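Reader: Hi! I have a structure open here and would love to chat it through with you. Could you start wherever you like?

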Amino acid sequence: MERFLPCLYAVLACGGFCLIFEVKKPLFVLLCSLNGGVSWLVYLLLEGVCPQATRYLIDTIVVSVLAELMARVLKAPATIFLIVGIIPLVPGGGLYYTMEALLSGDTALFARTALETAACAGAIAVGVSMVSSLARLLFRKHLVEGRQP
Amino acid sequence: MTSDETEQLLDLCCEMGRQLIQNGAEIYRVEESARRILAAYGHAEAEVFAIPSCVILNIRDGQRNYTKSVRIRSSSNDLDKLDRLNDLCRQICRETPPPSEAAGLLETVTNSPSYPACVSFLAHGCVAAFFTLFWGGRASDAAVAFLCGLAVKATVGSMSRLNANVFFTDVCASAFLAFIPTALFCLGLPIRPDRIIIGAIMLLVPGIAITNVMRDVIAGDFLTAITKFAEVMIVAMAIAIGIALPVGAVKALLGGL
């Protein structure tokens with residue numbers, strides 16, 4: 001159980017982010033926070049299953065699909081749920097350790113952490129883009145209909 | 001449609017675009033919203049161009065061209081307004097009220113109050129504290145992180161009042177947030193500065209830009225994506241530099257954290 005405690009912290013931290021980003025509807029706050037918790041839960045469950053970057057990729061895909069579904073059901077922009085849900089995955093730790101390696105003059109460690117951080121950010125970007133493009137393909141019909149006066 | 005009404009419609013769409021961009025919408029959403037509103041009012045031939053700092057609109061009405069552009073400087077992230085603007089856009093397309101009336105509706109959305117400052121301060125503190133716990137900090141670390149979160153909010157708030165640029169704001173905010181735990185650590189408190197700093201920088205990490213960059217690329221807005229990507233890199237650099245100042249000073253003076 002101890003292992004999954006970070007998921008609870010992720011939910012609470014994402015709840016705080018909802019307030020910072022001015023999300024006001026209680027249902028939205030709840031869903032955004034839960035999305036953040038799910039993102040870390042999936043990350044933990046994938047531990048040891050696949051390499052780091054793949055974990056981030058799969059995780060982002062799950063969160064993005066959830067966000068798109070919430071957006072469709074609630075008729076709200078998907079970014080709202082996506083922005084808050086992705087936050088626990090953003091490699092803040094990687095940024096810090098990269099900087100620390102640079103300060104201590106350890107070039108090899110610096111290069112490794114910098115690359116790892118970039119790979120994680122890249123995996124998030126790829127995951128988001130894959131799901132967004134699929135969503136756009138699936139819902140294109142609506143857009144064309146919407147253009148008619 | 002009279003030329004007066006066309007002008008009003010132009011104003012409405014530009015203001016809608018400006019508000020959408022300022023509150024964290026993707027660029028394709030901005031362009032599409034403007035295009036849909038114009039189509040709903042019978043201007044299917046309208047040209048819309050938007051990038052994060054500018055919206056340009058052109059309507060052709062008979063023999064005349066109406067063009068308006070707005071320059072966008074500041075941006076706040078208000079996802080509630082984004083949601084309500086999105087709803088309003090649908091409503092305008094569905095009901096096509098007179099442009100002046102629609103502008104009134106838009107104004108009520110943009111003037112809706114945001115959370116009071118105390119809630120925002122509390123939220124910053126809690127986010128920093130919970131992310132510190134999240135990254136493996138203890139309760140004492142979380143308490144210090146709460147203070148760091150308040151410091152970030154205070155710094156960002158006062159810097160924006162001074163109209164400082166993003167880079168300088170983030171350098172100052174992250175230097176300030178890293179200074180608190182390193183100083184307390186040097187005074188002999190049993191805390192882990194790295195966990196606290198990582199927890200608190202989550203507040204500054206450009207989450208919206210990272211998420212929206214790829215959504216813009218997918219929509220084909222490469223110009224916007226490059227702009228946003230540059231923003232992400234600059235903010236990341238600013239955070240690294242800001243944190244390096246106090247941490248580096250401690251390293252130089254005391255030989256490591």
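Author: Happy to! Let's start with Asn163(B), which counts as exposed because its relative accessibility is 70%, above the 50% cut-off. Keep in mind that this is a predicted model.

Reader: Nice. Where does Asn163(B) lie?

Author: Asn163(B) sits in a loop of chain B, the one that links α6 (139-161) to α7 (166-186).

Reader: And what is the phi of Asn163(B)?

Author: Phi is about 60° there, so to speak on the positive side, although Asn163(B) is not a glycine. Most residues other than glycine have a negative phi.

Reader: Good to know. Which loop holds Thr96(B)?

Author: Thr96(B) is found between α3 (79-95) and α4 (99-110) of chain B, in the loop there. Its phi is positive too, near 35°, and Thr96(B) is not a glycine either.

Reader: Is Thr96(B) buried, partly exposed or exposed?

Author: Thr96(B) is partly exposed, because its relative accessible area is 32%, which falls between the cut-offs of 20% and 50%.

Reader: Changing topic: what domains does the assignment give for chain B?

Author: Chain B is assigned domain 1, covering 3-110, and domain 2, covering 117-254. On the contact between them, domain 1 of chain B brings 12 residues and domain 2 of chain B brings 10 residues.

Reader: How far apart are the centres of the two domains of chain B?

Author: Taken over C-alpha atoms, the centres of domain 1 and domain 2 of chain B are 34 Å apart.

Reader: And how much area is buried between domain 1 and domain 2 of chain B?

Author: About 790 Å² is buried between these two domains of chain B, with carbon and sulfur atoms giving 61% of that. On the domain 1 side, Glu26(B), Tyr28(B) and Pro52(B) lose the most area to domain 2 of chain B, and together they make up 50% of what that side buries.

Reader: What about polar pairs? How many salt bridges and polar contacts link the two domains of chain B?

Author: The rule finds 0 salt bridges across the interface of domain 1 and domain 2 of chain B. For polar contacts, the count between these domains is 1 residue pair, with both residues at pLDDT 80 or more.

Reader: Which elements supply the domain 1 side of chain B?

Author: Both α2 (27-40) and β1 (47-51) of chain B supply at least two residues each to the side of domain 1 that touches domain 2. α2(B) gives the most to that side, with 4 residues.

Reader: Last one: what is the mix of classes on that side of domain 1 of chain B?

Author: The side of domain 1 of chain B that touches domain 2 has 7 nonpolar, 2 polar and 3 charged residues.

Definitions and conventions: Residues numbered from 1 in each chain as written. Chains lettered and ligands numbered in written order. Predicted model: local features only at pLDDT ≥ 70, side-chain atom pairs only at ≥ 80, totals over all residues. Heavy atoms only, no water. Domains from an automatic or database assignment. Contact = heavy atoms within 4.5 Å. Buried area = accessible area lost by both parts, 1.4 Å probe. Salt bridge = Lys/Arg side-chain N within 4 Å of Asp/Glu carboxyl O. Polar contact = N/O pair within 3.5 Å; in protein donor to acceptor, adjacent residues only side chain to side chain. Nonpolar A, V, L, I, M, F, W, Y, C, P; charged D, E, K, R; others polar. Buried < 20%, exposed > 50% of the residue type's maximum accessible area, 1.4 Å probe, protein only.
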